[in-house]
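I opened this model to look up its enclosed spaces and one pair of helices. My notes follow.

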Amino acid sequence: MLDLHAVSFAYDGADAVRDVTASFAGTQLVAIIGPNGSGKSTLLKLVARVLAPARGEIAWRGRRLREWPAKEYAKEVGYLPQEPDPTFPMRAIDVVVSGRAPFLGRFGWETSADYDEAARALATCDASYLAERYLDEMSGGERKRVFLARVLAARPKLIVLDEPLSSLDIAHVQQFSALLRDVVRTTGATVIYATHDLNWAAAYSDRMLVMQRGALALDATPDEVMRPERIRELFGFDAEAVQTNGRAWLVPRV
């Protein structure tokens, strides 16, 4: 459904993404990993149409992104940036219902059906109890659930998340990683997200893309990525692999 062909983008003449080609079809959870500055966020912004490729093409459902009307694309593809919104006094349910904006007329207001969709999205994120609470009264992990629910309120077929696990403690990283797996299972959407946490990405993802200096260095299953020799080659550190529940976890050698 999503196809990238030789996609490139540069900031002030410096390549951020170089000749990336990849395809995403069906229902899957895809983790994009790589060092800081490797192009993860830029790649997601290109898919979300926040940026436009300097070279190459991106197509969604066989149609080039530049040919999609903005409102129609927003109904199909949901995007959550690293810093979605400042914290201000606003109820969670009102934040989530704003995700229904692509379905409203020019001067339209949210209906009871839109609020029903917002409530459903909060329930999908195990966050119904937050509906009447205000953002500035929540923890970071709770706010992330609310912002994910805002994306889900539009029932997108593709969900793009930029480092949703950042700034979370380890318990919330585990919970949110499992939540992403549940979102894929319950909504049938494909979720593509950037993360620095290799172990949790490998534990829950179907597929991992490794970015290096703007290029796609590896597109493989978690088992193929989480090998000590490959991690040494891609990330430059020594680790040992520990098998648990059929998945490999990496423990750095000290």
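**Cavity first**

I looked up the lining of the largest cavity and found that β1 (2–11), β2 (14–24) and α1 (40–47) each supply at least two residues. Helices (H or I, at least four residues) and strands (E, at least two) are DSSP runs, numbered from the N terminus. The model is predicted: local features need pLDDT of at least 70, side-chain atom pairs count only at pLDDT 80 or more, and totals for chains, interfaces and linings use all residues. Residues are numbered from 1 along each chain as its sequence is written, and side-chain values use heavy atoms, without hydrogens and water.

I noted the cavity rule: on a 1 Å grid over the protein atoms alone, a 1.4 Å probe fits at a set of points but cannot get out, and lining residues have an atom within 4 Å of a point. I read off a volume of about 50 Å³ for the largest cavity, as the space filled by probe spheres set on the points. Its lining includes Leu2, Val20, Phe24, Leu43 and Ile192. I sorted the lining by class: eleven nonpolar, no polar and no charged.

**Helix pair**

I turned to α5 (140–152) and α6 (residues 170–187). Their axes (lines fitted to C-alpha atoms over the stretch in contact) come within 11 Å and cross at roughly 15 degrees. That makes α5 roughly parallel to α6 (angles under 35 degrees).

Which residues of α5 meet α6? I listed Gly141, Lys144, Arg145, Leu148 and Leu152. Contact means heavy atoms within 4.5 Å. Among their partners in α6 are His172, Phe176 and Leu180.

Key: Axes are lines fitted to C-alpha atoms, for helices over the stretch in contact, and angles run from 0 to 180 degrees between N-to-C directions. Angles under 35 degrees count as roughly parallel, over 145 as roughly antiparallel, 65 to 115 as roughly perpendicular and the rest as oblique. On a 1 Å grid over the protein atoms alone, a cavity is a set of points where a 1.4 Å probe fits but cannot get out, and a pocket is an open set with protein on both sides within 12 Å along at least five of seven lines; lining residues have an atom within 4 Å of a point. Ala, Val, Leu, Ile, Met, Phe, Trp, Tyr, Cys and Pro count as nonpolar, Asp, Glu, Lys and Arg as charged, and the others, Gly among them, as polar.
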